[in-house]
Amino acid sequence: MQADSDMSMYRHQLYRTWLSLRHRPQLRNWVYGTVMLSTLYFLYQFISPSDSRQTFPLESYVEPELVPQSVWDNRAERVKKAFQHAYHGWEQYAAPHDELKPISNTYQDNFNGWGVTVFDGLDTMALMKLDHEYKRALKHVEDVEFKLEEGKYAPYFETVIRYLGGMLSAYALTEDPILLRKADELARKLDPVFGTPSGLPYYGVNPDTGATQGPAIGILAEIASLQLEYTYLAKVTGKKEHFNRAQNVINIINRANYDETGGMMPIRWNTTDGTPFDQSLSAGAQADSAHEYLLKQYLLTAKRDQESLQLYIRTATQLITELMYISPTRHLLYVTDKVPSRTSHTAQISHRFEHLSCFLPGLLALGVQELPLDDIDFMDAFDKDHPAQRAQWEKLRGFSLRDVHLWAAQGLAQTCWLSYADMPTGLGPDEMLFYTNMPEQGAWGGGWFAPKTAAGGARPMTRTGGGTLWVDALRSWKRSGARGVPPGVGDKTPVVYSKEDRVRGAFGRDYSIKKDEYLLRPETVESLYLLWKVTGEARWRDRAWRIFEAIEVHTKTPAGYASLRTVQTSPGVKDDDMPSYFFAETLKYLYLTFIGDTPLPPDKWVLNTEAHPFPVIQWTAEERERFRVGY
Ligand SMILES: *[C@@H]1O[C@H](CO)[C@@H](O)[C@H](O)[C@H]1NC(C)=O
């Protein structure tokens, strides 16, 4: 009874309120509006799954092949707008410091404090014809003195690929003399870094005092990713010392013995005598750009530096035959790393797959386009009298090298794309760990070429009926008549876990996520760009667009774009960070993917590892003589 009388009191109150509202139309409208909005919001909560992806694509779906170039031109404009939004944010809140923190609207000085965002973004501004931004940026460059307090060190590798590479590529595009002068000045100030007995660079250098810093054991990517920058710098300054810096590194890596590592450069190097220090192999962190520069140095020198090409072919062979695996149930192709085991003589395959490694499909595709891969002997990449090299050559016999490189490019690019499409945000995680077997399904992962299961054994211990077994997958496929697309290649369907899936523990993706942040990194869109250019298949371009949409939806802030702390919940959780490579690489590759004719055809331009383009070099007879060009 008590409840009933409460109820009638409540009804009475409500009636009186309604009566009073009838005489106060403004208040009434306000109340009605509020009630209406609350109801809508309440309903929305019900009908929208709380943890599912935003609706993609934001534009209604059209078969990628049917999208006209005029639509792609609009999309390129959207990327340009994104660049302006982010750069204006940097100008407003972070100038003249290194990077904008796009949530707090403050700055950080994480790369020498000279304004790395400007240097990295210069050539993208030139390509996008952002003249006003470019003019202001050029003024900034002119004013920078490349100074550091005593006791501080410029990280050599990052300073070269971002600052030096940024100025040189902008110079190549605009021919503004300030850029060349400042590039030469920076290279001079960094030069003490080559004070090791071998001439491989130290980790860091103080550009004022010339003091150097770094361990005696150097990291591959950091000691062997300067060849493009210094070779081009030598071309435009005419200075032999720059040429020698690049050539010394090339000579050291060509001279080294790779019998223990299948022809591939290991991660750690002794900077005293310039020899490999261990047998760890990786396509990703600490190694990536050194492998990349083998092919790119060959292309930059107008396909003259044959030794760099040969090392590239041997490297790709080792990556393909030993470090590429197929996952148990989705048959995703991935490339992983090999670390020497403490307990046994054999190295261990980690089955980690890094976002950083997603540059590799693009590099392989570039090689497919630019190299005579069907003529393996023409390239003379393997010395048949050298047992280790002959063994590597034997592994690929019977296959067209061109086919294998293209399949690897397509398969890996597909996996990189899926790592985005599998996530509720549509953006990919920084690192995955692939499962090696799914015994419940009777499925084992295994080597794409390697005659081993992913778990390491030559054969799985048991094999339940109906399961798949990937051992030496590509050769088995070929033996069985080679029908359809090769294992690991071809389109796969995304698997998006719901929140419940995540809580319960789902396995349908074939991998777990080791690092779930998205750092606005470029590697996947870089490869989508190259796959689109090399194959002409619009689906690669379409995927790049979907990634751009996800960037707009999940990472945009009032002042810029923010890394995500996790890609596993939608909307993404932002981090207060906007790296300079977002300007140099991510937005540049997206822009290049969407515009019509490329301003950077690969037979005329080579992009450094920070996506800074340098024109292909033709040495004059006089330069060949003076530099003693050996190729
Ligand atoms: C590097 O090489 C030098 C010369 O061969 C050798 O003396 C030194 O011990 C090596 N460094 C390490 C850490 O092995």
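**Exercise 1. Locate Pro96 and describe the peptide bond before Pro96.**

Solution. Step 1: Pro96 sits in the loop that runs between helix H3 (69-93) and strand S1 (99-101). Helices (H or I, at least four residues) and strands (E, at least two) are DSSP runs, numbered from the N terminus. The model is predicted: local features need pLDDT of at least 70, side-chain atom pairs count only at pLDDT 80 or more, and totals for chains, interfaces and linings use all residues. Residues are numbered from 1 along each chain as its sequence is written, and side-chain values use heavy atoms, with hydrogens and water left out.

Step 2: The bond from Ala95 to Pro96 is cis, with omega near 0°.

**Exercise 2. Do the same for Pro571, then describe Ala302.**

Solution. Step 1: Pro571 belongs to the loop between strand S19 (564-566) and strand S20 (573-574). The peptide bond that joins Ser570 to Pro571 is cis, its omega being near 0°.

Step 2: Ala302 lies in the loop between helix H11 (288-300) and helix H12 (306-322). The phi of Ala302 is near 55°, which is a positive value in a residue other than glycine.

**Exercise 3. Work out the order and pairing of the sheet that contains S14.**

Solution. Step 1: This open sheet has three strands in the order S13-S14-S18, with antiparallel pairing. Two strands pair if DSSP finds at least two bridges between them. In general, the strands of a sheet pair through backbone hydrogen bonds, either parallel or antiparallel.

Step 2: Strand S13 (352-354) and strand S18 (511-515) are at the edges; each has a single partner strand, so one side of each is left without a neighbour in the sheet. From one strand to the next, the twist averages 30°, where axes are lines fitted to C-alpha atoms and angles run from 0 to 180 degrees between N-to-C directions.

Step 3: S13 and S14 run antiparallel and are joined by three bridges. Here Phe353 is opposite Met432 in S14.

Step 4: Strand S14 (residues 431-434) pairs with S18 in the antiparallel sense, over four bridges. Met432 stands opposite Ile513 in S18, and Glu431 faces Lys515 in S18.

**Exercise 4. Describe the sheet that contains S9.**

Solution. Step 1: Three strands make an open sheet in the order S10-S9-S17, and the pairing is antiparallel. Strand S10 (333-335) and strand S17 (446-447) are the edges, each with a single partner strand, so one side of each lacks a neighbour in the sheet.

Step 2: Strand S9 (residues 324-326) runs antiparallel to S10, with three bridges between them. Ile326 has Leu333 in S10 as its bridge partner.

**Exercise 5. Which residue forms a salt bridge with Glu394?**

Solution. Step 1: A salt bridge is a side-chain nitrogen of Lys or Arg within 4 Å of a carboxyl oxygen of Asp or Glu. By this rule there are 34 salt bridges.

Step 2: Glu394 is bridged to Arg390, with the closest N and O atoms 3.3 Å apart. Both residues lie in helix H15 (residues 387-395), four residues apart, about one turn of the helix.

**Exercise 6. Which residues are around the ligand?**

Solution. Step 1: Ile217, Asn270, Asp273 and Phe277 are around the ligand, each with a heavy atom within 4 Å of the molecule. By class, this shell has two nonpolar, one polar and one charged residues; Ala, Val, Leu, Ile, Met, Phe, Trp, Tyr, Cys and Pro count as nonpolar, Asp, Glu, Lys and Arg as charged, and the others, Gly among them, as polar.

Step 2: An N or O atom in the side chain of Asn270 is 2.2 Å from an oxygen atom of the ligand. For Asp273, a polar side-chain atom lies 2.9 Å from a ligand oxygen atom.

Step 3: The ligand on its own has 360 Å² of accessible area, of which the protein covers 41%. Accessible areas come from the Shrake-Rupley method with a 1.4 Å probe.

Conventions:
A polar contact is a pair of N or O atoms within 3.5 Å; within protein, one must be able to donate a hydrogen and the other to accept it, and residues adjacent in sequence count only if both atoms are side-chain atoms.
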